[in-house]
Amino acid sequence: MKRTVFLGALALSGLVAGAAAAATLDDVKARGKVNCGVTTGLVGFAAPDANGKWEGFDVAICRAVAAAIFGDQEKVEFVPTTGQTRFTALASGEVDLLARNTTNTFSRDVDLKFEFMPTNYYDGQGFMIPKALGVTSAKDLDGATVCIQTGTTTELNLADFFRANNISYEPVPIETNAEAQQQYLAGACDVYTTDASGLAATRATFENPGDHVILPEIISKEPLAPLVRHGDNDWGDLVRWTVYALIAAEEYGVTSENVKEMAASAGSNPEINRLLGTEGDLGAMLGLGKDWAVNAIAANGNYGEIFEANIGESTPIGLARGLNAQWTDGGLMYSPPFR
């Protein structure tokens, strides 16, 4: 009797979980667009251009998801969020996906009930100062005023670093990167601290970028990743494997330019065939068509193309691949098999 009741409860919970898991994808399809939470504006990662069109590294992830679902990368609405509002926007259902320089941490995953997708940028917290200060190490910042975004991991990291080095600081709380930039350039704080990639992106917008230096210390691990709500397993799988598709495409030489041609007929590599839908039907497992990954890759390119176009060494931001290189090149970018 107990076994029957247990199995019945298990089956019921499975049905409830299955219904919840399908909810977001169903809502997105019915709405005709993906609502994607992004930063309020960080050049290279997510910011509107002169015509109001959102562009950037994180924006490209949102567009790839939209393309995988609808075959059209434009079927996405970007919702600007701050460090304070981003999690509420996701938890409340205002956005389906959050892609805005968010660090994967234990408490955010377990306590806030979010599901982090594959890391799309391995980062660490750094410090930027005016070159005129003559400081060459963060350990020499005793007594400095520091601009720091509230509601971020950087607050705790900053406190830990200064405490560990027995030095003091005065925090200058700010809400957005635009506010931080304004305060920092106005001299309201000596230092701006955030993810090193964010510092490079911010400095690139300055009238005289060379007047500011990013100190050598990296004081934390900041694995940045898109995230969705817990319990939405089908939706999580769709976003997760879309990110992996972009990473795998770079490894296998599939680009925005050749993906359509490669998908037109099966080649000699079974993994590429499965990725592009010319062999098997992985798309059906996600509730999508065979060409889901083809459309995602065609939107803005593979992971490497997205990186180089938005934040790479040829851009004003000038970030090297480093840890974000493919595993075959000594980096950490690695996709599980498509099979």
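These legends accompany close-up views of a predicted model.

**View 1. Five strands, β10-β9-β11-β8-β12, form an open sheet.** The pairing in this sheet is mixed. Strands β10 (169-174) and β12 (212-214) stand at the edges. Each has a single partner strand, so one side of each is left without a neighbour in the sheet. Neighbouring strands are turned by 30 degrees against each other on average, direction ignored. Strands of a sheet pair through backbone hydrogen bonds, either parallel or antiparallel.

**View 2. Strands β9 and β11 run parallel within the five-stranded sheet.** Strand β9 covers residues 144-149 and β11 covers residues 191-195. Two bridges join them. V146 has V191 in β11 as its bridge partner.

Two helices pack on this sheet. Helix α5 (residues 153-164) touches β8 (125-130), β9, β10 and β11. The direction of α5 makes about 80 degrees with that of β8. Helix α7 (residues 196-203) touches β8, β11 and β12. The direction of α7 makes about 125 degrees with that of β11.

**View 3. Strand β1 is largely enclosed by the rest of the structure.** Six of the six residues of β1 are buried. Strand β1 pairs in the parallel sense with β4, over six bridges. In that pairing, V38 stands opposite P80 of β4. Strand β1 also pairs with β5 (residues 97-98). This pairing is parallel too, and holds two bridges.

**View 4. G37 sits in strand β1 (residues 34-39).** Is G37 buried or exposed? G37 is buried, because its relative accessible area is 0% and the cut-off for buried is under 20%. G37 stands opposite L98 in β5. Beyond its neighbours within four places in sequence, G37 is in contact with V79, T81, V95, L97, L98, A99 and R100. R100 is 63 residues away from G37 along the chain. Their C-alpha atoms are separated by 6.9 Å.

**View 5. K33 and E77 meet in a salt bridge through their side chains.** The N to O distance is 2.3 Å. This pair links distant parts of the chain, 44 residues apart. K33 lies in the loop between α1 (2-31) and β1. E77 lies in strand β4 (residues 76-81). K33 is partly exposed, at 28% relative accessible area. E77 is partly exposed as well, at 35%. A search of the whole structure finds ten salt bridges.

**View 6. R240 and D237 form a salt bridge in helix α8.** The closest N and O atoms are 2.9 Å apart. Helix α8 spans residues 233-251. The two residues are three apart in the chain, about one turn of the helix. R240 is buried, with a relative accessible area of 19%. D237 is partly exposed, at 31%. The 19% of R240 counts as buried because it falls under the 20% cut-off.

**View 7. A salt bridge joins the side chains of R321 and E250.** The N to O distance is 3.0 Å. R321 lies in the segment after α13 (303-310), while E250 belongs to helix α8. The pair therefore ties together parts that are 71 residues apart in sequence. R321 is buried, at 16% relative accessible area. E250 is partly exposed, at 21%. Elsewhere, salt bridges that share partners join K53, R63 and E74 into one network. Side chains of opposite charge can pair when their charged atoms come close.

**View 8. The largest cavity holds about 290 Å³ of space.** How many cavities of 30 Å³ or more does a search of the whole structure find? The search finds one. The largest cavity is lined by 27 residues. Closest to its centre are R100, N101, Q149, T194 and D195. Which strand supplies the largest share of the lining? That strand is β11, with four residues. Elements that each supply at least two lining residues are α5, β11, α7 and β13 (222-224). Two of these elements, α5 and α7, also pack on the five-stranded sheet. R100, close to the cavity centre, is also a contact of G37.

Terms used. Residues numbered from 1 in each chain as written. Predicted model: local features only at pLDDT ≥ 70, side-chain atom pairs only at ≥ 80, totals over all residues. Heavy atoms only, no water. Pairing = 2+ DSSP bridges. Axes fitted to C-alpha atoms, helices over the stretch in contact; angles between N-to-C directions. Contact = heavy atoms within 4.5 Å. Buried < 20%, exposed > 50% of the residue type's maximum accessible area, 1.4 Å probe, protein only. Salt bridge = Lys/Arg side-chain N within 4 Å of Asp/Glu carboxyl O. 1 Å grid on protein atoms, 1.4 Å probe; cavity = no way out; pocket = protein on both sides within 12 Å on 5 of 7 lines; lining within 4 Å. Points joined across faces, edges and corners; volume = space filled by probe spheres on them.
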